[in-house]
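Reader: I'm new to reading protein models. Could you walk me through this one, a question at a time?

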Amino acid sequence: MKINLPDNEKALWILKMRGAQPLAALATELQVTTEGARFQLLKLANEGLVQAGTLSKGRGRPQQIWSLTASGHARFPDTHAELTVRLIQKMKEELGEAALQSVIEANGQEGVTLYLLELKGVTDLGERVRGLARIRDREGYMTEYKKDKEGHWLIENHCPICAAAQACQGFCQSELNTFRTIFGKGVKVERVDHLLAGARRCAYLIQ
């Protein structure tokens with residue numbers, strides 16, 4: 001999923017996808033000089049979209065790094081957030097928690113059915129994770145696939161239903177259950193990073 005941002009806001013995309021970055025790395029990604037990158041970042045900082053911090057790595061001076069603020073994260077879509085939260089709260093009030101959970105489970109099962117249909121015939125685990133990453137990216141999760149010595153990674157840099165998940169964390173558990181169902185027995189799916197637990201993204205290790 002690619003969000004169309006003005007050229008002077010491309011740094012927001014990089015910070016969303018890569019997390020906090022030093023100035024030099026941002027300049028390289030932006031294909032500008034470090035002074036050009038600094039100018040863009042200071043402008044974005046004045047608008048409240050990014051902030052500078054420091055990171056200590058062993059000996060030597062701490063390194064300055066740049067990251068998104070809450071307002072910066074808000075530049076990326078959270079689909080129908082306000083309406084969704086109101087509907088969740090109203091359902092809790094009128095029908096109770098059990099009814100809400102039933103709806104979440106039914107929605108999760110529908111997701112399983114659609115994902116399995118699209119991944120039909122894909123048996124290799126890596127290709128299956130890669131395929132799911134493409135589907136989730138299309139749905140707005142800004143998803144990446146990576147593989148290292150630990151296993152396969154499904155990394156979601158954005159949550160388009162974050163407001164709903166904050167209102168009812170049953171959505172998060174449902175997504176984890178969905179992934180585990182898709183990959184089946186014998187495959188371990190673990191959520192290593194969780195946006196609602198304070199991480200900058202949700203990341204799943206699949207082994």
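Author: Sure, and let's start with a term: a charge sits over a ring if NZ of Lys or CZ of Arg is within 6 Å of the ring centre and within 35 degrees of the ring normal. Keep in mind that this is a predicted model.

Reader: Which residue lies over the face of Y141?

Author: Take the term we just met and look at the ring of Y141. A side chain lies over its face, at 3.8 Å from the ring centre. That residue is R136.

Reader: What kind of aromatic pair do F179 and Y204 form?

Author: The structure holds 1 aromatic pair, so let's check its planes against the cut-off: over 60 degrees counts as edge-to-face. The centres of F179 and Y204 are 4.8 Å apart, with 85° between the planes. That makes the pair edge-to-face.

Reader: How many residues apart in sequence are the parts that this pair ties together?

Author: F179 lies in helix α9 (residues 170-183), while Y204 lies in strand β7 (residues 202-206). So the pair ties together parts whose separation in sequence is 25 residues.

Reader: Is F179 buried or exposed?

Author: Anything under 20% relative accessible area counts as buried. F179 has a relative accessible area of 1%, and Y204 is also at 1%. So F179 is buried.

Reader: Which strands stand at the edges of the open sheet with the order β1-β3-β2?

Author: This sheet has 3 strands with antiparallel pairing. Within it, 6 bridges join β2 to β3 (residues 63-68), and G53 stands opposite I65 in β3. An edge strand has a single partner, so one side is left without a neighbour in the sheet; the edge strands are β1 (21-22) and β2 (50-55).

Reader: At about what angle does helix α1 run to β3?

Author: Find helix α1 at residues 10-18. The helix lies across β1, β2 and β3, and its angle to β3 is about 95°.

Reader: Is R61 buried or exposed?

Author: R61 has its place in the loop between β2 and β3. Over 50% relative accessible area means exposed. At 80%, R61 counts as exposed.

Reader: What is notable about the phi of M142?

Author: Most residues other than glycine have a negative phi. M142 is not a glycine, and is found in the loop between α7 (125-141) and β4 (143-148). M142 is buried, with a relative accessible area of 0%. Its phi is positive, at about 50°.

Definitions and conventions: Residues are numbered from 1 along each chain as its sequence is written. This is a predicted model: local features need pLDDT of at least 70, side-chain atom pairs count only at pLDDT 80 or more; totals for chains, interfaces and linings use all residues. Side-chain values use heavy atoms; hydrogens and water are left out. Rings of Phe, Tyr and Trp (its six-membered ring) pair if their centres lie within 6.5 Å; planes under 30 degrees apart count as stacked, over 60 as edge-to-face and the rest as tilted. Helices (H or I, at least four residues) and strands (E, at least two) are DSSP runs, numbered from the N terminus. Buried means under 20% relative accessible area, exposed over 50%, partly exposed in between (1.4 Å probe, protein chains only). Two strands pair if DSSP finds at least two bridges between them. Contact means heavy atoms within 4.5 Å. Axes are lines fitted to C-alpha atoms, for helices over the stretch in contact, and angles run from 0 to 180 degrees between N-to-C directions.
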